[in-house]
Amino acid sequence: MDDGPSPDDAKTTAVPTVAPPNAAIRALVENSPIASVISDPRLPDNPIVASNKAFTALTGYDEDFIIGRNCRFLAGDATEPWLTEEIRRGVREQKSVLVEILNYKKDGTPFQNAVLVAPLFDDDGELEYFLGSQVEIDVDAPSLAKARRMRAVEIVKDLSKRQREVLRFIAKGLLNKQIAHELSLSERTIKMHRAILMKRLNAPSAADMVRLAVEAGM
Ligand SMILES: Cc1cc2nc3c(=O)[nH]c(=O)nc-3n(C[C@H](O)[C@H](O)[C@H](O)COP(=O)(O)O)c2cc1C
């Protein structure tokens, strides 16, 4: 007998195939040890177009499932609606948001997710992608998120004024060309700053750099 639609149906229905993003976009998250995804707001329902191994390790979902879906599959019955609304607002206003929200892994295990959602703009300053970055907060050590933020503040404090300026634009989701334009510097100089910043911040990918900058309150 057919029991009618179950809540799991949304997780098993077919999703449209999305074209893979270019290598540069994949590289934003590929090398990050932090669970990360990239979504494309120009496609219907803002689906994920790239994810990394850490995201699969954290959530239990494999790439075949993830790509083409909106990230709402992490939410569930006890997810705080007001925090979901904060993420929605960030997406709407194209601003970074960092919230600690209750999410669910594939096997149904709930987890506290310190999720960052940040816009990424293209060379012309148009919204191109969103970066999502998920850190599991241990319920027995709930201050991890705060510890991460304090560490980020400490690291950023030691940067030069120029490096902080560049990082602030990176946190806003701007690419080298636009940052160069904003600071009246050459793109090459910005590239150099970016490389130095990645080293100094110990950030293996741009996704980590954006996350750290937002955690530092930039
Ligand atoms: C890049 C990106 C990453 C996201 N990551 C999460 C996440 O980790 N957890 C979560 O609950 N929502 C996340 N969201 C929000 C959901 O995709 C979705 O917008 C939210 O659950 C609201 O769902 P609704 O559109 O059905 O109201 C993310 C959104 C974007 C754009």
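This passage looks at helices α7, α8 and α9 and how they pack in a predicted model.

Start with α7, which spans residues 161-171 and has V166, L167, F169, I170 and A171 among its residues, every one of these five being buried. The cover over these buried residues comes from several helices, including α6 (144-157), α8 (176-183), α9 (187-200) and α10 (206-215). After α7 comes G173, with a positive phi near 95°.

Helix α9 runs for 14 residues and spans 20 Å from first C-alpha to last, close to the 20 Å expected at 1.5 Å a residue. Its buried residues are I190, H193 and L197. These sit on the same side of α9, because they cover an arc of only 60° around the axis. That fits a general rule: with 3.6 residues a turn, an α-helix has residues three or four places apart pointing the same way. On the buried side, the packing partners of α9 are α7, α8 and α10. The face turned away from that side carries R188, A195 and K199, which are exposed. Just past the end of α9, N202 also has a positive phi, of about 55°.

As for how α8 meets α9, their axes come within 8 Å and cross at roughly 110°. Angles of 65 to 115 degrees count as roughly perpendicular, so α8 and α9 are roughly perpendicular to each other. The crossing of the pair is right-handed. On the α8 side, the contact is made by N176, K177, I179 and A180, while α9 brings E187, I190, K191 and R194. I190 thus turns up twice, as a buried residue of α9 and as part of the contact with α8.

How values were computed: Residues are numbered from 1 along each chain as its sequence is written. This is a predicted model: local features need pLDDT of at least 70, side-chain atom pairs count only at pLDDT 80 or more; totals for chains, interfaces and linings use all residues. A residue is buried if 20 or more other C-beta atoms lie within 10 Å of its own, exposed if 12 or fewer, and partly exposed in between; C-beta atoms are placed from the backbone. Helices (H or I, at least four residues) and strands (E, at least two) are DSSP runs, numbered from the N terminus. Two residues are in contact if their C-beta atoms, placed from the backbone, lie within 7 Å. The expected span of a helix is 1.5 Å times one less than its number of residues. The arc is that of the directions from the helix axis to the C-beta atoms. Axes are lines fitted to C-alpha atoms, for helices over the stretch in contact, and angles run from 0 to 180 degrees between N-to-C directions. Angles under 35 degrees count as roughly parallel, over 145 as roughly antiparallel, 65 to 115 as roughly perpendicular and the rest as oblique. A crossing is left-handed if the near helix is turned anticlockwise from the far one by less than a right angle, and right-handed if clockwise.
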